[in-house]
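Biologist: I would like to learn how to read a model of this kind feature by feature, beginning with the backbone and ending with the empty space. Could you take me through it slowly?

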Amino acid sequence: MSACREEKCWEIDGRTGLFGLLGSPVEHSLSPAMHNEAFRLLGINARYLAFDLQKEDLPGALPVFRKMKLQGCNLTMPLKEAVIPLCDSISREARLAHSVNTLVFRENGEIEGHSTDGKGFFRGLEAKRLALKGKKLSLLGLGGAGKAILSYGIGTELSEIEVLVREESKGKYEDFVERCEKESGRRIFLKSLERDLEEACGNSDILVNASSVGMKENRSLVEESRWLHKGLFVADCIYHPLETKLLQQAKEQGLSYMNGLPMLFYQGAESFRLWTGKDFPEGEVYALLESKVKEREG
C-alpha cells in the first residue's frame with residue numbers, strides 16, 4: 001500500500017493495495033463506498049472490493065488471499081464465527097464475543113482476527129459526548145451486535161450493565177455472560193425482556209436495542225413511550241431505517257438518541273486504522289455513508 005499524488009490516486013497500478021469484504025450476501029454492503037472514499041481522500045493507493053463467499057469456501061479462500069498479498073478484510077455473515085479457527089491470533093473482544101469482523105494480514109504471513117463492532121458502538125457514544133463513568137447501561141438482545149457491545153463494554157467506566165433477552169432464551173446466553181463476568185471481574189445482570197424491560201427503562205442511563213426488532217417492521221420492544229424517563233439516552237444498532245420506532249418514541253419524549261449509523265461508521269474506521277495506521281477523514285466519509293442510507297430509504 002502506498003500514497004499517491006492526488007491526480008493519479010484513482011489509477012490502479014502494480015502497487016495498488018487490496019482490501020475487501022467477505023461474506024454472503026455482500027452486494028448491498030456500504031463498506032466498499034466507505035473505505036474507497038477514505039483511500040481517495042487520503043491519497044492511498046488501494047481499493048476495497050466485496051467478495052461473495054460462503055462458509056464452506058472460506059478455508060480454501062484465505063490461503064489464496066494471503067498469497068495474493070491481501071492486506072486486510074472485513075467479514076460479515078455467515079463468516080464471523082467460521083473464520084476464528086483459521087486465524088493465527090484473535091483480539092480479546094473477538095475471543096469473548098466469539099466473532100471476528102476484521103482480519104489483518106501481517107507481512108510474516110500471520111492472520112490476526114479482531115472485533116471492531118463493540119468499539120465502534122462506544123466511539124459513537126463518545127462522538128455524542130456521552131460520558132460513561134458511573135452510568136448504567138441496559139442492553140436489549142445478545143445477538144452478534146449485543147455480544148460485541150457487551151464484550152467491549154465490560155472494559156469501560158460503566159458502573160453497571162444488564163442484559164435483557166427473551167425469557168425462553170436466557171439459558172443459552174448464561175455461559176457467555178459468565179465468561180464476560182470472569183474476564184472483567186464485574187457482575188452482569190441477565191434479565192427477561194418480558195418481565196424486566198419496563199423497570200430497566202425506568203432505572204437505566206443508557207438503553208440500547210441490539211436486537212433486530214424495528215428493522216423490517218414498525219415495532220419496538222418498548223411497549224409504552226412513557227417507560228422512557230427524562231435523561232435517558234436511547235441507542236438503536238439499526239441504521240436502516242435511520243429512525244426506528246424506538247427512536248421515534250425517544251424523540252417523542254424529548255430524549256437524546258443515536259441510530260446505528262455511528263456504529264457502522266466507527267467499526268469501519270477502526271478496521272481502517274488497524275490496516276493503515278491512519279484515521280478516517282470523518283466528516284466526508286460519514287456524510288457519504290449517511291447519503292447512501294438515505295438514498296435507500298427513498
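Modeller: Let us begin in the loop between α3 (92-97) and β6, which is where H98 is placed. This is a predicted model, and in it the phi of H98 is near 55°, a positive value in a residue other than glycine.

Biologist: Is H98 buried, partly exposed or exposed?

Modeller: H98 counts as partly exposed, because its relative accessibility is 39% and that class lies between the cut-offs of 20% and 50%. A further case is R129, in the loop between α4 (117-127) and β8, whose phi is near 60°, again a positive value in a residue other than glycine. R129 has a relative accessible area of 78% and is therefore exposed.

Biologist: Which peptide bond is cis in the loop between β2 (17-23) and α1 (31-42)?

Modeller: In that loop, which holds P25, the bond from S24 to P25 is cis, with omega near 0°. A cis bond also joins M77 and P78, with omega about 5°, and P78 belongs to the loop between β4 and β5 (89-90).

Biologist: Turning to strands, how should I read the two faces of β6?

Modeller: In a regular strand the side chains alternate between the two faces of the sheet. In strand β6 (residues 102-105), T102 and V104 lie on one side while L103 and F105 lie on the other, and with all four buried both faces are covered.

Biologist: Which strands pair with β6, and in what sense?

Modeller: Strands of a sheet pair through backbone hydrogen bonds, and they do so either parallel or antiparallel. Here β4 and β6 are antiparallel, with three bridges between them, and C73 stands opposite L103. Strand β7 (residues 111-114) also runs antiparallel to β6, joined to it by four bridges, and H114 in β7 is the bridge partner of T102. The hairpin of β6 and β7 has five residues between its strands, and in this hairpin G109 takes a positive phi near 95°.

Biologist: Why is strand β8 described as largely enclosed by the rest of the structure?

Modeller: Five of the five residues of β8 (residues 136-140) are buried, so the strand is largely enclosed by the rest of the structure. Its side chains can be followed one face at a time: K136, S138 and L140 point one way, L137 and L139 point the other way, and all of them are buried.

Biologist: What is the strand order in the sheet that contains β8?

Modeller: The sheet is open and has six strands in the order β10-β9-β8-β11-β12-β13, with parallel pairing. At its edges stand β10 (188-192) and β13 (257-258), each with a single partner strand, so that one side of each is left without a neighbour in the sheet. Helix α6 (residues 170-184) packs on the sheet and touches β9 and β10, its direction making about 165° with that of β10.

Biologist: How many bridges join the strands around β8?

Modeller: Five bridges link β8 to strand β9 (residues 160-165) in the parallel sense, and L139 stands opposite V163 in β9. With strand β11 (residues 206-209), β8 shares four bridges, also parallel, and there L140 stands opposite N209. Moving along the sheet, β9 and β10 are paired in parallel over five bridges, with L164 opposite K191 in β10. As for the connection, β8, helix α5 (residues 144-153) and β9 make a right-handed β-α-β unit.

Biologist: Finally, how do I read the empty space, and what is the volume of the largest pocket?

Modeller: Rolling a probe the size of a water molecule over the atoms shows where empty space is left. The largest pocket has a computed volume of about 1,500 Å³. It is lined by 46 residues, and the closest to its centre are T76, M77, K80, M215 and Y239. The elements that give two or more residues to this lining are β4 (72-75), α5, α6, α9 (261-276) and α10 (282-297).

Biologist: Which element gives the largest share of that lining?

Modeller: Helix α5 does, with four residues; this is the helix of the right-handed unit that also includes β8 and β9. M77, which takes part in the cis bond to P78, is likewise among the residues closest to the centre of the pocket.

Technical notes. Residues are numbered from 1 along each chain as its sequence is written. This is a predicted model: local features need pLDDT of at least 70, side-chain atom pairs count only at pLDDT 80 or more; totals for chains, interfaces and linings use all residues. Side-chain values use heavy atoms; hydrogens and water are left out. Buried means under 20% relative accessible area, exposed over 50%, partly exposed in between (1.4 Å probe, protein chains only). Two strands pair if DSSP finds at least two bridges between them. A crossover is right-handed if, with the strands pointing away from the viewer, the path from the first strand over the helix to the second runs clockwise. Contact means heavy atoms within 4.5 Å. Axes are lines fitted to C-alpha atoms, for helices over the stretch in contact, and angles run from 0 to 180 degrees between N-to-C directions. On a 1 Å grid over the protein atoms alone, a cavity is a set of points where a 1.4 Å probe fits but cannot get out, and a pocket is an open set with protein on both sides within 12 Å along at least five of seven lines; lining residues have an atom within 4 Å of a point. Grid points are joined across faces, edges and corners, and a volume is the space filled by probe spheres set on the points.
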